[in-house]
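Grab your viewer and work through these two exercises. Each one comes with a stepwise solution.

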Amino acid sequence: MHQTIKLALLQLPAVAHGQDAWPAAQDAIDSAASQGANLVVLPELFRTSYFCQTMDTENFRLAEEIGADTCSKLQQTAARLNIVIVGSIFERAMAGLYYNTAVIFDGSAGLVGTYRKTHIPDDPGYYEKFYFTPGDLGYRLFETSIGSFGVLICWDQWS
């Protein structure tokens, strides 16, 4: 039987371009868990300022592979607090192939899955098609210790 879900949807302070929001995210996750949250959802691409307002190849340095720094930190935090965390990364799947990816960690099971944003906007101030390939994993349910749920990112809610 699944337990009652207490959800925390986090908002984080904006960071200056080039700064890392991880310390604020860690504090917010810890605070939410201390208040009983067992499912914590972080903002889309939470580690940096929203870089898609411009088309700048330098921003590709922000991309990381599944299992790298952000995933490692989220997994360790989920395990330490015994909670489920939905995070977000600028995923580098391989050279030239990048996604806006949600990563789901369960404290008792580690990485339980990923979801890649499917609908990618391309409007002034939202040059996401410059950075991201449309997701290729489809819509999925993720099985966690607190129950099953799906994840969508931003514009995917309108599909």
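**Exercise 1.** How do the residues of the lining of the largest pocket divide into nonpolar, polar and charged?

*Solution.* Some ground rules: this is a predicted model, where local features need pLDDT of at least 70, side-chain atom pairs count only at pLDDT 80 or more, and totals for chains, interfaces and linings use all residues. Residues are numbered from 1 along each chain as its sequence is written, and side-chain values use heavy atoms, leaving out hydrogens and water.

- Step 1: sort the lining, with Ala, Val, Leu, Ile, Met, Phe, Trp, Tyr, Cys and Pro as nonpolar, Asp, Glu, Lys and Arg as charged, and the others, Gly among them, as polar.
- Step 2: read off the split, which is six nonpolar, seven polar and five charged.
- Step 3: see who supplies the lining; S3 (84–94) and helix H2 (69–81) each give at least two residues, and S3 has the largest share, three.

**Exercise 2.** Work out whether tyrosine 99 is buried or exposed, and find its polar partner.

*Solution.*

- Step 1: locate tyrosine 99 in strand S4, residues 97–106.
- Step 2: its relative accessibility is 4%, so tyrosine 99 counts as buried (buried is under 20% relative accessible area, exposed over 50%, partly exposed in between, with a 1.4 Å probe and protein chains only).
- Step 3: the side chain of tyrosine 99 makes a polar contact with the side chain of aspartate 136 at 3.2 Å (a pair of N or O atoms within 3.5 Å; within protein, one must be able to donate a hydrogen and the other to accept it, and residues adjacent in sequence count only if both atoms are side-chain atoms).

Technical notes: Helix = DSSP H or I, 4+ residues; strand = E, 2+ residues; numbered from the N terminus.
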